[in-house]
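Thanks for sending this one over. Here are my notes, written as I went through it.

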Amino acid sequence: MNTTTHYALHIDDLRISKGLTVHELCEGICDDSTYRRYKTGKKDIPIYKIKMFCDKLELDWDEFLSNTMSKTSVEYKDKKCHTILIMALEHVIDAVLLS
């Protein structure tokens, strides 16, 4: 996972903690689908966009960088693996229920 993906995931954590929807956060910055590509690592998030998100989240740039750097890649990998596991289990449950 690259650094900009870590930034995007941290921005998303902050968005959720502030109770904002993806659309509310992205308004005036980028469209919702671009934001989702940032989160999945399909598109690198430019630094100026990160700063715009920080402004919208009322977060100081230095504080954001400090908090992001303190998160380890293991935390993000664990979160992604957890999501994948849940999706797989839901698929298995659906298959059992349909049989």
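The points below go from the overall fold to individual helices and residues.

1. First, how far to trust it. This is a predicted model, and the chain averages a pLDDT of 82, with 74% of the residues scoring at least 70. Confidence varies along the chain: helix 2 has the highest mean pLDDT of the elements, 97, while helix 6 (residues 73–98) has the lowest, 62. Where pLDDT is low, the predicted coordinates should not be read in detail. I'd keep that in mind when looking at helix 6, given its mean of 62.

2. Now the overall layout. The chain consists of six helices with zero strands, so if you read from the N terminus the order is simply α-α-α-α-α-α. Of the 99 residues, 29% count as buried. Take the contacts between residues at least 6 apart in sequence: 61% of them link residues at least 24 apart.

3. On to the core. The largest nonpolar core has 18 residues, and the members that touch the most others are Ile11, Cys30, Tyr35, Ile50, Phe53 and Phe64. Two or more residues each come from helix 1 (3–17), helix 2 (22–26), helix 3 (32–40) and helix 4 (47–56). Helix 1 gives the largest share, four residues.

4. Ile11 deserves a click in your viewer. Leaving out residues up to four places away in sequence, Ile11 touches Leu25, Tyr35, Ile45, Ile50, Phe53, Leu57 and Phe64. Several of these partners, including Tyr35, Ile50, Phe53 and Phe64, are also on the list of core members that touch the most others.

5. Helix 1 itself is mostly covered, with 11 of its 15 residues buried. The buried set is not just greasy side chains by name: among them are Thr4, Thr5, His6, His10, Asp12 and Arg15, alongside Tyr7, Ile11 and Leu14. From first C-alpha to last, helix 1 spans 21 Å, close to the 21 Å expected at 1.5 Å a residue. After helix 1 comes Gly19, with a positive phi near 75°.

6. How are the buried residues of helix 4 arranged around its axis? The residues in question are Lys49, Ile50, Phe53 and Cys54. They cover an arc of only 145°, so they sit on the same side of helix 4. As background, an α-helix has 3.6 residues a turn, so residues three or four places apart point the same way. The face turned away from the buried side of helix 4 carries Tyr48 and Asp55, both exposed. Just past helix 4, Glu58 has a positive phi of about 55°.

7. You'll probably ask about the cysteines. The disulfide count is zero. For Cys26, the closest cysteine sulfur belongs to Cys30 and lies 4.0 Å away, which is too far for a bond because a disulfide needs the sulfurs within 2.5 Å. Is Cys26 buried or exposed? Cys26 is buried, at 1% relative accessibility. Cys54 also has a relative accessibility of 1% and counts as buried.

8. Last, a residue in helix 5 (residues 61–70): Asn67. Its relative accessible area is 31%, so Asn67 counts as partly exposed. Along the chain Asn67 and Tyr7 are 60 residues apart, yet their C-alpha atoms are separated by 9.9 Å. Tyr7 is one of the buried residues of helix 1.

Key:
Residues are numbered from 1 along each chain as its sequence is written. This is a predicted model: local features need pLDDT of at least 70, side-chain atom pairs count only at pLDDT 80 or more; totals for chains, interfaces and linings use all residues. Side-chain values use heavy atoms; hydrogens and water are left out. A nonpolar core is a set of buried Ala, Val, Leu, Ile, Met, Phe, Trp, Tyr and Cys residues joined through side-chain atoms within 4.5 Å. Buried means under 20% relative accessible area, exposed over 50%, partly exposed in between (1.4 Å probe, protein chains only). Contact means heavy atoms within 4.5 Å. pLDDT is the predictor's confidence in each residue, from 0 to 100. The expected span of a helix is 1.5 Å times one less than its number of residues. The arc is that of the directions from the helix axis to the C-beta atoms.
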